[in-house]
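Subject: The structure for you to look at

Hi,

Here is the structure I promised to pass on. Have a look at it first, and then read my notes below.

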Amino acid sequence: MPELQLLRADHGPAILDFEITNRAYFAASITDRGDEFFEHFAERHEALLADQQAGHRACYVLVAEDGAVLGRFNLVFVGDGVAELGYRVAQQAAGRGVATATVRDLCRLAASQHGVTTLKAGTTKDNAASQRVLLNNGFTPAGPADPAELGGKPGTWYRRDVTAGPAEPRQKWSARDAEYFDRWYADMETSATKDAILARNLNLPRDLGSAGILHWDAVPEIARELRVPSGGLLLDLACGRGGYGIEVARRSRARLIGVDFSIVALERARAIAAQRVQAGQAEFRSGTLTDTGLPAASADGVMCTDSVQFAEPPVAALREIRRVLRTGGRLALTTWQAASAGDPRVPDRLRHLDLGADLRAAGFQDVVVEDRPAWRAAERGVWEEATATPNEDNDLALSSLQEEGKRSLEAFDALRRVVAYATAP
Ligand SMILES: C[S@@+](CC[C@H](N)C(=O)[O-])C[C@H]1O[C@@H](n2cnc3c(N)ncnc32)[C@H](O)[C@@H]1O
């Protein structure tokens, strides 16, 4: 795992290497440092360390296991508890959620280690990736930036208050859970093997970006059952990397809002949507299973694949779905249930799930819960292939799939694969 380290003298050579390797890449979005920077790198490095020692700034480097620098993240203290955040991430690590996850860590470090209460970050108008990283981390636009502050380009200042506690503002979930999923998704970004195993066994397009273990046949079925009108709003709740919802929206010509609490997954979902649906058709927002942030009665259809069991309790997620659906709006949900009540082999999360009863308790009507043994059989293929695949390179996404596969195969007959459909009254 890459590690965020406070700047030290011995980081010098790896930082210089990072700056040289990525010079052209950085120059495309931010001002080039100029030849002088490289010629006098050693003096500049020493000056930065002295400035840090004097308490004027804190410079962090994200260091890979092999010692290579993947990113630089700096806090400059400007007084009254305010710090300016600046960062740059290597091209090899771009688009993998590295910046988003590290800025999140830094928000916490700024408060807990440096007494910062407010963070400011300036970004140019054409640097969409950086704007997204800031928005995903709870920053909000705070006004125009003087081009002189941003290397001559027009831009915007973003601000965010930070606290030393583990939870982010507006988040009502346990930060550890969201972080767990962020890591889970970050591991997937570096593993082609996991996606290939899922694609082969579940008949998925290779670039779909699923995170659930859902057969491709579910897509046309869900699209048909949801009956979202063309131009209507589909919510994909706990969308992960978004693949299933994007495809259902594409087929229904619906507008899509995907909601998940993993910001790494949301970043990937945006990239996948950009490839598969028209610009503006899909949007991905941070939110939770029990607090989506959508207005009441705003959605024509909601889908929630392989995720409702993570809500505590699941019925609270079903109530939230009921709230955001308009009258007559439809819900499609996939998960697993115990084959026999009270079977101790059933994971805790699923043990008390009774979709029929829970959906009615949440106020739904026309509730249908059905088994899908063919999907379950395809899932067995995933677990069998994953557990039989050698993992010499310590591919973390594959390891996680193998662990889950081992557990699932040990008690395979304890679970039924189910799909539920229901209508909001
Ligand atoms: C198994 S994945 C399924 C993702 C996607 N629906 C799919 O089928 O590919 C479960 C997802 O639930 C999300 N999740 C878990 N608990 C959540 C919560 N309380 N609020 C929002 N998202 C949650 C995770 O981040 C993850 O993306």
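To start you off: which residue in β7 is the bridge partner of Lys120? Keep that one in mind while I go through the rest, and please remember that this is a predicted model.

**The whole chain**

Let's begin with the overall picture. The chain has 16 helices and 14 strands. Its radius of gyration is 23 Å, close to the 22 Å that the globule rule gives for 425 residues, so the chain is as compact as a globular protein of that length. If you lay the C-alpha trace along its principal axes, it spans about 70 × 45 × 35 Å.

The domain assignment gives you two pieces to look for: domain 1 covers 3-169 and domain 2 covers 182-423. Their C-alpha centres are 35 Å apart. Where they touch, seven residues of domain 1 are in contact with 11 residues of domain 2. On the domain 1 side, the elements that give two or more residues are α5 (98-114) and α6 (128-136). That side divides into one nonpolar, four polar and two charged residues.

**The sheet that starts with β1**

Now for the strands. One open sheet has seven of them, in the order β1-β2-β3-β4-β5-β7-β6, and the pairing is mixed. At the edges you'll find β1 (3-6) and β6 (140-145), each pairing on one side only. From one strand to the next, the twist averages 25°.

Three pairs in this sheet are worth tracing on screen:

- β3 (residues 69-79) and β4 (residues 82-89) run antiparallel and are joined by eight bridges. Try finding Gly71, whose bridge partner in β4 is Val89.
- β5 (residues 118-124) and β7 (residues 155-161) also run antiparallel, with seven bridges between them. Here's the answer to my opening question: Lys120 has Arg159 in β7 as its bridge partner.
- β6 and β7 are antiparallel too, and five bridges join them. Look for Ala145, which stands opposite Gly155 in β7.

**The sheet that starts with β10**

There's another open sheet of seven strands, again with mixed pairing, and its order is β10-β9-β8-β11-β12-β14-β13. Its edge strands are β10 (282-286) and β13 (365-371), and each of those pairs on one side only. The twist here averages 15° from one strand to the next.

How do β8 and β11 run, parallel or antiparallel? They run parallel, and three bridges join β8 (residues 233-237) to β11. One pair to pick out is Leu234 and its bridge partner in β11, Gly301.

A helix comes in here as well. Helix α11 (residues 263-276) lies across β9 (255-260) and β10, and α11 runs at about 175° to β10.

**Around the ligand**

How many residues surround the ligand? There are 22, and the closest are Gly212, Ala238, Gly240, Thr288 and Phe310. Sorted by class, the shell holds 12 nonpolar, eight polar and two charged residues.

**Two backbone oddities**

Before you look at these, a bit of background: most residues other than glycine have a negative phi, and most peptide bonds are trans.

With that in mind, go to Asn203. Its phi is near 65°, which is a positive value in a residue other than glycine. You'll find Asn203 in the loop between α8 (192-202) and α9 (218-226).

Then check the peptide bond from Glu312 to Pro313, which is cis, with omega near -5°. Pro313 sits in the loop between β11 (299-305) and α12 (314-324). You've already met β11 as the strand that three bridges join to β8.

Have fun clicking around, and send me your questions.

Cheers

Note on methods
Residues are numbered from 1 along each chain as its sequence is written. This is a predicted model: local features need pLDDT of at least 70, side-chain atom pairs count only at pLDDT 80 or more; totals for chains, interfaces and linings use all residues. Two strands pair if DSSP finds at least two bridges between them. Helices (H or I, at least four residues) and strands (E, at least two) are DSSP runs, numbered from the N terminus. Axes are lines fitted to C-alpha atoms, for helices over the stretch in contact, and angles run from 0 to 180 degrees between N-to-C directions. A residue is near a molecule or strand if its C-beta atom, placed from the backbone, lies within 6 Å of it. Ala, Val, Leu, Ile, Met, Phe, Trp, Tyr, Cys and Pro count as nonpolar, Asp, Glu, Lys and Arg as charged, and the others, Gly among them, as polar. Domain bounds come from an automatic or database domain assignment. Two residues are in contact if their C-beta atoms, placed from the backbone, lie within 7 Å. The radius of gyration is taken over C-alpha atoms; the globule rule is 2.2 Å times the number of residues to the power 0.38.
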